[in-house]
Amino acid sequence: MATLTTEKSSHPTPRASGRPVPGLIFGDLWEYDPAPETADPKLKARYDLFIGGKFVAPASGKYFDSINPGNEKKLADIAHANAADVDAAYRAALQAYDGAWGKMAGRDRAKYIYRIARLLQDRAREFAVAETMDGGKPIKESRDFDVPMAAAHFFYHAGWADKLDYVAPGRRAAPLGVVGQVIPWNFPLLMLAWKIAPALAMGNCVVIKPAETTSITALKLAEIFQDAGLPPGVVNIVTGFGDTGAAVMTHPIAAKVAFTGSTEVGKIIMRSLAGTEKKMTMELGGKAANIVFDDAPLDQAVEGIVNGIFFNQGHVCCAGSRLLVQESVAADVLAKLKHRIEVLRVGDPLDKNTDVGAINSKEQLATIQRLVASGVKEGATLFQSPCKLPVRGYYFRPTIFSNVSMSHRIAREEIFGPVLSVLTFRTLEEAVEKANNTAYGLSAGVWTDKGSRILKLSTELKAGVVWANTFNKFDPASPFGGYKESGFGREGGRQGLFDYCKLA
Ligand code: ADP
């Protein structure tokens, strides 16, 4: 960990110039010299659509700006695909499905998927920098989690492509055809891998739309598809806003659609597809509870809570945004948490010491501010890190609300920011009731020394994933998905493959 906490009084003061001296303690935090990651992200000034294996200008003739949320500077022009562009992408995908890809043996498909994984590993630093500049997440997250995990998903699914007889033993698994996919901005490259890798392993072709604020790494991955020699049309990438997404979801060629994003948009899509034969998977919002019992290793739990909501700016659908802590240790845990967030480094996402980077967009920052204001208005107690925020860019202080009640908006609505709502409980039954008292059911965390309690909670909590004495751990072999308004269908593991095939 890059921070050192100690008593302020025992340390020398900074230089008279006011500039912090590297290595000296400033407040409670070591002042470090900036340590920016310097790898060249190799960005183009303009990104076209990727259709039929080539970069093509949009029929609409329109482009929009992709902004670096860390400093509000423009990164590139991104093409805005209209219905005609989406149609061209589907036709290219269908041609590939009816042609080379559809006829290819699984063992040969595996080689392409494996090659994509290797090429992504080769260019990992470049991709990490691009991901951080485009989305605002700290470089240590994109470098140590997003990019390696995206590569891991391609590796894992390359392994399945020639073993499809084992997906559902005794039954034959066949591809669906062309699938349409729309993804959000919180894990741009990783979501792309989650969606594309199982689809390709199963022998489908893809039309995918990244989120409007984070299209760049998707289009960089298209360069890798070209380098890997992936047959034209197997993956097509169309960029744009909700109108483009709607065209991707409703196109008649799509045999199946997969969506990750807000529950609100998920419902719009489900309504628009009601009565069609399209298969669907939806990974929607969440309001995860992290449940801490009095016998938990508290320091470890505090690290898990911080990892679950503050790292990555809370931009995680399975973020542990509600803390349920047993009453007898609540004061202790809250004190530790407050101290911990005071020493989180908030700032330049490209700096290797940064813990909390930039909020993805101006709009998302406004949403967070609005919900935090509602928490104050409804009577919860606010605590924010006193850290300095950069002058330019979209930043928000790590925030903890205590004295929260279940009826407060901050306890019910997805904030998608570095904001934790703390509630208390006395008994296991009360913890379960409060944790399940939400429209969502994506994930939960349990912190306790007792194995029996973990097993009981893992069956009683209505959440797709329950982490025990850890949080936000992922593996391509482990299925992920939700209950209730968090959606349906699973991504990852053998179960994730069921959503990309028909079984005979
Ligand atoms: P978030 O609130 O996380 O930004 P959204 O659900 O608004 O989530 O966006 C997730 C993805 O859905 C983005 O790629 C966005 O462009 C796309 N999208 C937005 N509106 C629609 C729609 N009506 N139909 C299909 N996709 C949409």
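**Notebook: hairpin, sheet and ligand site**

I looked first at β6 and β7, which form a hairpin with four residues between them; Glu72 in the turn has a positive phi of about 65°. Helices (H or I, at least four residues) and strands (E, at least two) are DSSP runs, numbered from the N terminus.

The model is predicted, and local features need pLDDT of at least 70, side-chain atom pairs count only at pLDDT 80 or more, and totals for chains, interfaces and linings use all residues. Residues are numbered from 1 along each chain as its sequence is written, and side-chain values use heavy atoms, with hydrogens and water left out.

**Sheet**

I checked how the hairpin strands are joined. Strands β6 (residues 63-68) and β7 (residues 73-79) run antiparallel and are joined by six bridges. Two strands pair if DSSP finds at least two bridges between them. Ser66 stands opposite Ala76 in β7.

I then looked for further strands. The open sheet has three strands in the order β3-β7-β6, with mixed pairing. β3 (46-47) and β6 stand at the edges with a single partner strand each, so one side of each is left without a neighbour in the sheet. β3 pairs with β7 in the parallel sense over two bridges. Arg46 has Asp77 in β7 as its bridge partner.

**Ligand**

I listed the residues around the ligand, taking a residue as near if one of its heavy atoms lies within 4 Å of the molecule. There are 17 such residues, and the closest are Ile183, Trp185, Lys209, Glu212 and Ser262.

Next I looked up polar contacts, that is, pairs of N or O atoms within 3.5 Å. A polar side-chain atom of Glu212 lies 2.6 Å from an oxygen atom of the ligand. From Ile183, a backbone N or O atom lies 2.8 Å from an oxygen atom of the ligand. A backbone N or O atom of Ala246 lies 3.4 Å from a nitrogen atom of the ligand. On its own the ligand has 550 Å² of accessible area (Shrake-Rupley method, 1.4 Å probe), and the protein covers 79% of that 550 Å².

I sorted the shell by element. α8 (242-250), β12 (256-260) and α9 (263-273) each supply at least two of its residues. α8 gives the largest share, three residues.

By class, I noted ten nonpolar, five polar and two charged residues in the shell. Ala, Val, Leu, Ile, Met, Phe, Trp, Tyr, Cys and Pro count as nonpolar, Asp, Glu, Lys and Arg as charged, and the others, Gly among them, as polar.

Notes: A polar contact is a pair of N or O atoms within 3.5 Å; within protein, one must be able to donate a hydrogen and the other to accept it, and residues adjacent in sequence count only if both atoms are side-chain atoms.
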